[in-house]
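Open your viewer and get your selection tool ready. We will go from stop to stop, with a note on what to select and what is there.

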Amino acid sequence: MSVQAPIKPAPVAERTPRRIAFRQTRGNWDVKLSPYLYISPFFILFAITGLIPLVYTGYVSVHDWHLLRGQGDFVGFQNFIDVWNQPTFWLALRNTFSIFLLSSVPQVVTALLLAAVLNANIRAKTFWRMGVLLPYVVAPVAVGLIFSRLFGDQYGLINAILEILGMDQIAWHSDVIPSHIAIASMVNFRWTGYNTLIFLAAMQAIPKELYEAAIIDGAGRVRQFISITVPQLRATLIFIIVTATIGGLQIFDEPRVFDAAGTGGASKQWITVTMYLYDLGWGNQKNFGRASAVALILFFIIIAIGVINYAITRRISTAGPKKPGRIGNKTTFTNTRRTK
């Protein structure tokens, strides 16, 4: 009887380690690079529409650049010095901050109160929520023309009502403070509804359990608004304040169409920084160098205010509520983690 040798299995072909390594490398690239590719369109558009024009503005600001003659000699910081020494610039800066304060503060407070009313259990919620947004849809030029007629010095509706009430008429287009109030009313009319919807969206995200616990404890509506709603809206409130600051310092449309001339008044009593910038670049001077210098000065002012807002935001975020802990029969508050 013959003995047969066992059959040897066929050798298995080994995979090339190079291909496995390439697949792993490609997977690592996909994990690491995909997030940057997803967000790259924003930064590309920002570089094209924001960063490159900003750098070019800085280049123009250090040259003697005329609207018709084009680029001239390099002058360094002379354009900034010339702008700094012009009284109209400081007048425009004063008017800008005055209109900004008269518009932003009442705007934020009114939007917060309207959002609280719309968040309550009222009839026709959708109708009222759409109604507060209608002024935002109206074009700024149309708003300016309407309010310029309402605040007319001789035939305005506001002065007619004041005369019926036995009060003296107000020179809305001649005096400084009345003109600022009239322009601020345009800004408030257009942007209050927009901020109201942002506050309303943030209020609807607040947990209902907080209000239920407050009702059980006997807190009224005012107490709930002060102790629950406002603290829960800190992040949203800071966001609206920052955006209102940026928009308020760049105001142009409303004061531009407040009168027929569009020059900021006979004595420049309501001219803003952006209107002054427009007058430098496209007005009588046609000096793009000085206009670019004003644009950069306004940019740095906005950056400075943004840094202040960031510091306030960071301080508020770090001063959050403390976590409750229990030691014995007493309740204490500590920021440390519970140890096992």
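The tour starts with the whole chain and then moves to single residues and pairs.

**Before you click**

This is a predicted model, in which local features need pLDDT of at least 70 and side-chain atom pairs count only at pLDDT 80 or more, while totals for chains, interfaces and linings use all residues. Residues are numbered from 1 along each chain as its sequence is written, and side-chain values use heavy atoms, with hydrogens and water left out.

**Stop 1: the whole chain**

Colour by secondary structure and you should find 13 helices and 2 strands. Here helices (H or I, at least four residues) and strands (E, at least two) are DSSP runs, numbered from the N terminus. Of the 340 residues, 33% count as buried; buried means under 20% relative accessible area, exposed over 50%, and partly exposed in between, with a 1.4 Å probe and protein chains only. The chain exposes about 23,100 Å², and carbon and sulfur atoms supply 65% of that area. Accessible areas come from the Shrake-Rupley method with a 1.4 Å probe; for residues, only the protein chains shown count as cover. Among contacts (heavy atoms within 4.5 Å) with a separation of 6 or more, 64% are between residues 24 or more positions apart.

**Stop 2: Arg 290 and Asp 82**

How many salt bridges does a search of the whole structure find? There is 1, counting a side-chain nitrogen of Lys or Arg within 4 Å of a carboxyl oxygen of Asp or Glu. Select Arg 290 and Asp 82, whose side chains meet at 3.3 Å, N to O. Arg 290 sits in helix H13 (residues 288–318) and Asp 82 in helix H2 (residues 78–84), so the pair ties together parts that are 208 residues apart in sequence. Both residues are buried.

**Stop 3: helix H12 and Tyr 276**

Next, select residues 273–282, helix H12: 7 of its 10 residues are buried, so the helix is largely enclosed by the rest of the structure. Among the buried ones are Met 275, Leu 277 and Leu 280. Now pick Tyr 276 in this helix, buried at 2% relative accessibility. Not counting residues up to four places away in sequence, Tyr 276 touches Val 83, Gln 86, Thr 88, Phe 89, Ala 92, Ile 271 and Val 294. Measure from Tyr 276 to Phe 89: their C-alpha atoms are separated by 7.0 Å, although the two are 187 residues apart along the chain. Add Trp 84 and Trp 90 to your selection, and with Phe 89 and Tyr 276 you have one aromatic cluster.

**Stop 4: Phe 151 and Trp 172**

The count of aromatic pairs comes to 22. Rings of Phe, Tyr and Trp (its six-membered ring) pair if their centres lie within 6.5 Å; planes under 30 degrees apart count as stacked, over 60 as edge-to-face and the rest as tilted. Select Phe 151 and Trp 172: the ring centres are 4.8 Å apart with planes at 75°, so this pair is edge-to-face. Phe 151 is buried at 9% relative accessibility, and Trp 172 is buried at 7%.

**Stop 5: Phe 252 and Tyr 278**

Finally, select Phe 252 and Tyr 278, a tilted pair at 5.8 Å centre to centre and 55° between the planes. Phe 252 is partly exposed at 23% relative accessible area, and Tyr 278 is partly exposed at 33%.
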